[in-house]
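Thanks for making the time this morning. I would like to take you through one structure, slowly enough that someone who has never looked at it can follow along.

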Amino acid sequence: MSELFTRLGVLADTLAATPILAIGLTLGAFFAGNWLFARIGRPLWLPPVLLSACLLSGVIAVLALDYQAYQQGARWLTVLLGPATVALGIPLYQQMHHIRAMWRPIVVTLPIAATLAAVYALVIAWALGATPEVLASLAPKSVTAPIAIGITEQLGGSVPLMMGGLLITGVVATLFVDLLARLLPVKDERILGFALGLNGHAIGTARAFEISHTAGAFASLGMGLTGVFTAMILPLVFHL
Amino acid sequence: MTMLRGFLVLVLFFILGESMRMLLALPVSGGVLGMVVITFTLMVKGSVSDDLASASQGLISVLVLLIMPGVVGVFFTADQFSGQWLAVAAALLVGTFLSVLTTLLLMKLVTARGEQHRE
């Protein structure tokens, strides 16, 4: 019997030493999070990514896995973020006719709104005494994750903190767009979609596709343009 | 097979973007450079192959899976930022409220003005 336990221990060590355990856990949590999200009626304030991340963290904590070792194994998945960022160029190309049709409001709004999205957060955090590392992690808060990871690494921020900020930004941007659309009021689906993508990246874009296909197209556009614009501008501005 | 062929194109453009970043010492990530270059390439070419479209759709649909390991980190590195949670929370909540308000008002204003011009 005790021999069996020894073998179990060896098995656990062997699995933990290969990336396959990290990949399996991440995939499992991803599908479990999506399933749970559908079961609880797709609430706006609790997106699948948050559910999956909580499940995954819980499992890592319960199994007492080393977080660094998990991260090392998960490299096999995260390395795909590079090609995935390149892939965002394809819907951008496919929606080029939308950009042409509404180029004036987009060209005026995008640079101002994307810059302010970062500046508002930076000024508030700075005034409340945040360290440079925290500021660098908050700056790309409205940028879609694969691009934001690149920006934060370049600025010297913490990727985990940035990811948390990104998640919260996406959720509250979705809630605020819904709220302000009623208060202002704004009914144009193109504007709502664009605002969702610009401020709420992928989470806002997912919400926009629930409003309508047009809103979804404009959200992808807003998300893509904000990502590119911020990635170009922020590293230059931040070093000043 | 077809999806892998499209994936190869994405990987090649990513390597191209990384090369540009390293060789020209640009402050932008290789993925973003690859995205900009592939968008312009498609605009010049005027069409996108089915292989590339399906590969990009596949990758974009699992974006959440790819960012999850990073999100999980916030639970394990949290104490590193103790004492700064107020600044972080205020920046995220108030900052996002202001930026959503700015975007909606600006878009509304410019769109309305554009339609007036047309009349």
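I will begin with the contact between the chains and then turn to single residues and pairs.

Please keep in mind throughout that this is a predicted model.

Let me start with the place where chain B and chain A meet. The contact draws on 71 residues of chain B and 93 residues of chain A, and between them the two chains bury about 7,100 Å², with 84% of that area on carbon and sulfur atoms. On the side of chain B, the residues that lose the most area to chain A are B:Met35, B:Leu104 and B:Met107, which together account for 10% of what that side buries.

Which elements of chain B give two or more residues to the side that touches chain A? They are α1 (2-24), α2 (30-45), α3 (50-61), α4 (63-76) and α5 (85-118) of chain B, and the largest share, 26 residues, comes from α5(B). If we sort the residues of that side of chain B by character, we find 50 nonpolar, 18 polar and three charged. As for specific pairings across the interface, there are zero salt bridges between chain B and chain A, while the count of residue pairs in polar contact, both at pLDDT 80 or more, is eight.

Aromatic rings come next, and one of these pairs brings us back to the two chains. Over all chains the structure holds three aromatic pairs. One of them is formed by A:Phe30 and A:Phe31, whose ring centres lie 5.1 Å apart with the planes at 70°, so the pair is edge-to-face. These two residues sit in contrasting surroundings, since A:Phe30 is buried with a relative accessible area of 8%, whereas A:Phe31 is exposed at 53%. Another is the pair of A:Phe176 and B:Phe97, with centres 5.0 Å apart and planes at 85°, so this pair too is edge-to-face. Because A:Phe176 lies in helix α11 of chain A and B:Phe97 in helix α5 of chain B, the pair joins two chains. A:Phe176 counts as buried at 18% relative accessibility, and B:Phe97 counts as partly exposed at 29%.

Let me stay with helix α11 of chain A a little longer. A:Thr174 has its place in this helix, which covers residues 159-183. Is A:Thr174 buried or exposed? With a relative accessible area of 2%, A:Thr174 is buried. Leaving aside neighbours within four places in sequence, A:Thr174 is in contact with A:Leu44, A:Leu196, A:Ile203, A:Gly204 and A:Arg207.

The last residue of that list, A:Arg207, leads us to the salt bridges, of which there are five over all chains. A:Arg207 forms one with A:Asp178, the closest N and O atoms being 3.5 Å apart. This pair links distant parts of the chain, with A:Arg207 in helix α12 (residues 189-211) of chain A and A:Asp178 in helix α11 of chain A, 29 residues apart. A:Arg207 is buried at 19% relative accessible area, and A:Asp178 likewise counts as buried at 18%.

A salt bridge also joins the side chains of A:Arg7 and A:Glu3, at 2.7 Å from N to O. Because A:Arg7 and A:Glu3 are four residues apart in helix α1 (residues 2-17) of chain A, about one helical turn separates them. A:Arg7 counts as exposed, at 55% relative accessibility. Among the five there is also the pair of A:Asp188 and A:Arg190, which meet at 3.1 Å, N to O. Here A:Asp188 counts as partly exposed at 23%, and so does A:Arg190 at 27%.

I will finish with the backbone. Most residues other than glycine have a negative phi, and most peptide bonds are trans. In this model, however, a cis peptide bond joins A:Leu184 and A:Pro185, with omega about -15°, and A:Pro185 is found in the loop between α11 and α12 of chain A. Phi of A:Ala64 is near 55°, a positive value; A:Ala64 lies in the loop between α3 (48-62) and α4 (67-78) of chain A and counts as exposed at 65% relative accessibility. Phi of A:His201 is positive as well, near 35°, but A:His201 has its place in helix α12 of chain A and is buried, with a relative accessible area of 4%.

Technical notes:
Residues are numbered from 1 along each chain as its sequence is written. Chains are lettered from A and ligands numbered from 1 in the order in which they are written. Side-chain values use heavy atoms; hydrogens and water are left out. Contact means heavy atoms within 4.5 Å. Buried area is the accessible area (1.4 Å probe) that two parts lose on being put together, summed over both. A salt bridge is a side-chain nitrogen of Lys or Arg within 4 Å of a carboxyl oxygen of Asp or Glu. A polar contact is a pair of N or O atoms within 3.5 Å; within protein, one must be able to donate a hydrogen and the other to accept it, and residues adjacent in sequence count only if both atoms are side-chain atoms. Ala, Val, Leu, Ile, Met, Phe, Trp, Tyr, Cys and Pro count as nonpolar, Asp, Glu, Lys and Arg as charged, and the others, Gly among them, as polar. Buried means under 20% relative accessible area, exposed over 50%, partly exposed in between (1.4 Å probe, protein chains only). Rings of Phe, Tyr and Trp (its six-membered ring) pair if their centres lie within 6.5 Å; planes under 30 degrees apart count as stacked, over 60 as edge-to-face and the rest as tilted.
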